[in-house]
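Q: Got a minute to go through this one with me? I'd like a quick tour before I head back to the bench.

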Amino acid sequence: QVQLVESGGGLVQAGGSLRLSCAASGSIFSINAMGWYRQAPGKQRELVATITSGGNTNYADSVKGRFTISRDNAKNTVYLQMNSLKPEDTAVYYCNAEATRNGWTYTPYWGRGTQVTVSS
């Protein structure tokens with residue numbers, strides 16, 4: 001099995017910053033892309049940012065210039081630095097990883113989520 005554990009969420013005022021972390025553990029051969037998604041109450045889960053094992057990144061338009069995704073491949077950990085937070089960033093943030101346990105079949109795994117609340 002592969003487990004993803006997020007940390008770093010919390011309550012912050014608008015304009016503030018938070019840093020999320022997500023560590024993958026378990027029977028992992030390798031991890032391809034890792035990323036962050038979020039789901040606000042009453043809304044669908046949406047992509048925030050992704051990063052490949054080679055470091056290529058992709059961001060939602062709504063967070064470009066404010067959020068930065070990074071990863072430590074040696075630690076199977078992905079980070080999300082969130083600056084200039086807005087109330088509309090309030091959501092549960094989920095970590096995602098495309099991992100393989102055998103070297104050829106990649107499966108998406110999800111963390112349980114961490115709450116980010118931005119007050120106005």
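**Quick tour of the fold**

A: Sure. Counting secondary structure, the protein has 0 helices and 11 strands. Keep in mind that this is a predicted model.

Q: What pattern does the protein follow along the sequence?
A: Reading along, you get β-β-β-β-β-β-β-β-β-β-β.

Q: And why does the radius of gyration agree with a compact globule?
A: Because a compact globule of 120 residues would come out near 14 Å, and the protein has 14 Å. Along the principal axes, the C-alpha atoms fill a box of roughly 45 × 25 × 25 Å.

Q: What percentage of the residues count as buried?
A: 41% of the 120 residues. The accessible surface is about 6400 Å², with 46% of that belonging to carbon and sulfur atoms.

Q: Switching to charges: how many positive and negative side chains are there?
A: There are 11 positive and 7 negative ones, and the centres of the two sets lie 4 Å apart.

Q: How many aromatic pairs does the count come to?
A: Just 1 aromatic pair. Tyr37 and Trp110 sit edge-to-face, 5.0 Å centre to centre with 65° between the planes.

Q: Where in the chain are those two, Tyr37 and Trp110?
A: In distant parts: Tyr37 is in strand S4 (residues 30-39) and Trp110 is in strand S10 (residues 106-110), 73 residues apart.

Q: Is Trp110 buried, exposed or partly exposed?
A: Trp110 counts as partly exposed, because its relative accessibility is 40%, which falls between the 20% and 50% cut-offs.

Q: Last one: of the contacts between residues at least 6 apart in sequence, what share joins residues at least 24 apart?
A: That share is 54%.

Conventions. Residues numbered from 1 in each chain as written. Predicted model: local features only at pLDDT ≥ 70, side-chain atom pairs only at ≥ 80, totals over all residues. Heavy atoms only, no water. Helix = DSSP H or I, 4+ residues; strand = E, 2+ residues; numbered from the N terminus. Rg over C-alpha atoms; globule rule 2.2 N^0.38 Å. Buried < 20%, exposed > 50% of the residue type's maximum accessible area, 1.4 Å probe, protein only. Contact = heavy atoms within 4.5 Å. Areas by Shrake-Rupley, 256 points an atom, 1.4 Å probe, with all protein chains shown as cover. Lys, Arg positive; Asp, Glu negative; His and termini not counted. Charge placed at Lys NZ, Arg CZ, Asp CG, Glu CD. Phe/Tyr/Trp six-rings, centres within 6.5 Å; stacked < 30°, edge-to-face > 60°.
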